[in-house]
Amino acid sequence: MTIGGKTIDAGSGSSAPAAALRVLIPVILALAGGAVILLALGKNPIDYYDYVIERSLLRWGGFQETLTRMAPLLLIAAGLIVAFRAGIWNLGGDGQFLLAAVASAALAPVLIGILPRAPTLVLCMLAGIAVGAIWSLIPAILKARYGVNEIITTLMMSFLGTSLSNVLIKLILRDPATTVPQTRSLPVDDRLPRLFGTTTHSGLLIAILAVILVHLVMTRTAFGLKLQVLGTNRAAAVHAGLRVERLTLLAFALSAGFIGLAGAVEVLGVWGTVRADWNPAYGLLVVPLVFLARFNGYAVIGFTLFFSALMVGGESAARRVGVPQHYVLVLVALLLVFLALVEYRDQARGKRVAV
Amino acid sequence: MNALLTEPFLISLLFGAVTAGVPLLLAGLGEQISEKSGVLNIGLEGMMLCGAYAGFVTTWYTGSFWLGFLAGGAGGMAAALIVLLLCIRRGLNQIVIGIAITVGMQGLTSLLHFVEFSRTYPRLPAAPLLALPYLSRIPILGKGLFSHNPLVYLSIILVGVMSWVFRSTNLGLNLEAAGNKPAALDAAGVDVIRTRSFAVLATGFLAGLGGAYMANVGAGLFVPFMTNGAGVIGIVLAMLARGRPLWVLTGAALFGASLAMTTALQVAGIDIPTDVVQMLPFAIVMLVLVIFARHSMLPPALGFPYVRGER
């Protein structure tokens, strides 16, 4: 099924300055819109933005936090790129992410007692990938076999997964030593190694590699082309003799696998444990980013850096200026709208030139 | 388990099921109108939140629940106006804008609530109830189902009205055509953009109304992020219902009952994590989908902007 699917060309051949403008103009417009709201509330927008930039980009500790935040977002984006290019609406990212996080959090403290650190971490990440993929299996089979709309099924499985991870933490995996229900935590020294003496963990490297790999596979290999054919026109894929059912299952498994890896990396790199009712709900935020990047892996990296900075900086700047932390969501929304508007203007102009 | 089947428990369960189900019903019915006309309204959650806040503030300052409901509907329509201007008239990506609306309204309502009430969460007086004559005297059922805010009965009536509109009016036919073959509707001389605009505004109104009911009647207060996934459930209900309002009602009743069950069990002191009960409706629907695996029959033009003369 395609919803709202314009066929999206991967590498639009615009020049670098034009591409930079395409991002810069919406950013400026969104920040200006946010400033108007702050002014209307009698707050000083300059203070707010100044602090966002200082906190998330200029201060070394904050910048490392921004980079750390990028890791799960990028891995989720990698998963969504695979699915969206194959015309599959995997909107169940949150459930896949959380269950995978819980699985790796449950496994890590046990394995670390038996195995050295490296194999433990690798096994936990594999477990995350597997759990994510398994959680997408029912929607995948329903879609491949019977054509059941995957937006419904993945959303349902997402709700189920979120609740199930809470149940698992509260009833089975609960660490008896803590008051708040959470899994046994992995000691800090045994988590993913830090990068070059920073506080950013090596999950960021994995994530960047994953996005680039996905991009290359989708644009440069026969397998990627098959998925794109499937995504653009399912009937054509059938006529071309592609094994549509198998491809659909594979695309689901890859997509949910990357999202599962995101959950595992976030646990193994940052938290070391999962608390009950923890749900960062990254899935929802990454979906529009992937769209605006036109399913292009390199562009996603840039968008993710910007969004991470905005979220990390916005959360603490809000406290400083005296607005609620969630004000940053207004900025995110404005940015999405303006990015989409500029994108629309570009396309409209492209059409006029083509005619 | 016998302690569970007492009269007060059953009454509170039924009453709670209706209270939790009505916002889902209104939002789901709204989404159904959009989907029928070919607009995938992912911003439903944001429209509900907007309506919840607008409704709460209005009732808080005027003391009138009816004005609150109206303001809630207007708030939802204001959020829907964004979809109208950007997605229907300009053809921007409906999923990006929908998520932007949800995220933006989460931020905006938190912000406005903070500015107005700082960190306090004031409570409204209890909403007026209308006990239906005769029916409300039935034991258990009377107090559970037939003593509610008038809006509840109106939304049940709306199910019938919408079935009739879809089935036997020009408007219903136009909506259906806009989702199935917009070019044909255009050729028949009906403005596709206008039809879809109407549909989206109606969605906004109903979602906002549902949000206002949730805040003013259900909770009696406004808390940021209070819709907590209700909009997403509304979208799922509308998709599952395949264009039939009666199925939205059935689904809303199922989800409402399980939401009420979680609170009722807590009140009765039964120690099951609420998450287990919360999983039930989703598990049931998944099971039904697996057993009766079938096409969901969405309108073919769903999600595609209509551009005249474009293939």
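## Helix α3 of chain B

Helix α3 of chain B covers residues 65-88, 24 residues in total. At 1.5 Å a residue, the expected span is 34 Å. The C-alpha atoms at its ends lie 33 Å apart, so expectation and model agree. The model is a predicted one.

The helix is not free of bends: α3(B) has a kink of about 25 degrees. B:A79 sits at the centre of that kink. Most of α3(B) is covered, with 17 of its 24 residues buried.

## The contact between chains A and B

Chain A gives 43 residues to the contact, and chain B gives 45 residues. On the chain A side, four helices each supply at least two residues: α6 (137-146), α7 (150-172), α12 (282-292) and α14 (327-354). The largest share comes from α7(A), with 13 residues.

What classes of residue make up the side of chain A that touches chain B? It has 34 nonpolar residues, seven polar and two charged.

## B:L173

B:L173 belongs to helix α7 of chain B, which runs over residues 170-180. How many other C-beta atoms lie within 10 Å of B:L173? There are 16. A buried residue needs 20 or more, and an exposed one has 12 or fewer. B:L173 is therefore partly exposed.

B:N149 is 24 residues from B:L173 along the chain. The C-alpha atoms of B:L173 and B:N149 are separated by 32 Å.

Methods
Residues numbered from 1 in each chain as written. Chains lettered and ligands numbered in written order. Predicted model: local features only at pLDDT ≥ 70, side-chain atom pairs only at ≥ 80, totals over all residues. Contact = placed C-beta atoms within 7 Å. Nonpolar A, V, L, I, M, F, W, Y, C, P; charged D, E, K, R; others polar. Expected span 1.5 Å × (residues − 1). Bend = angle between axes of the 7 residues up to and from the residue.
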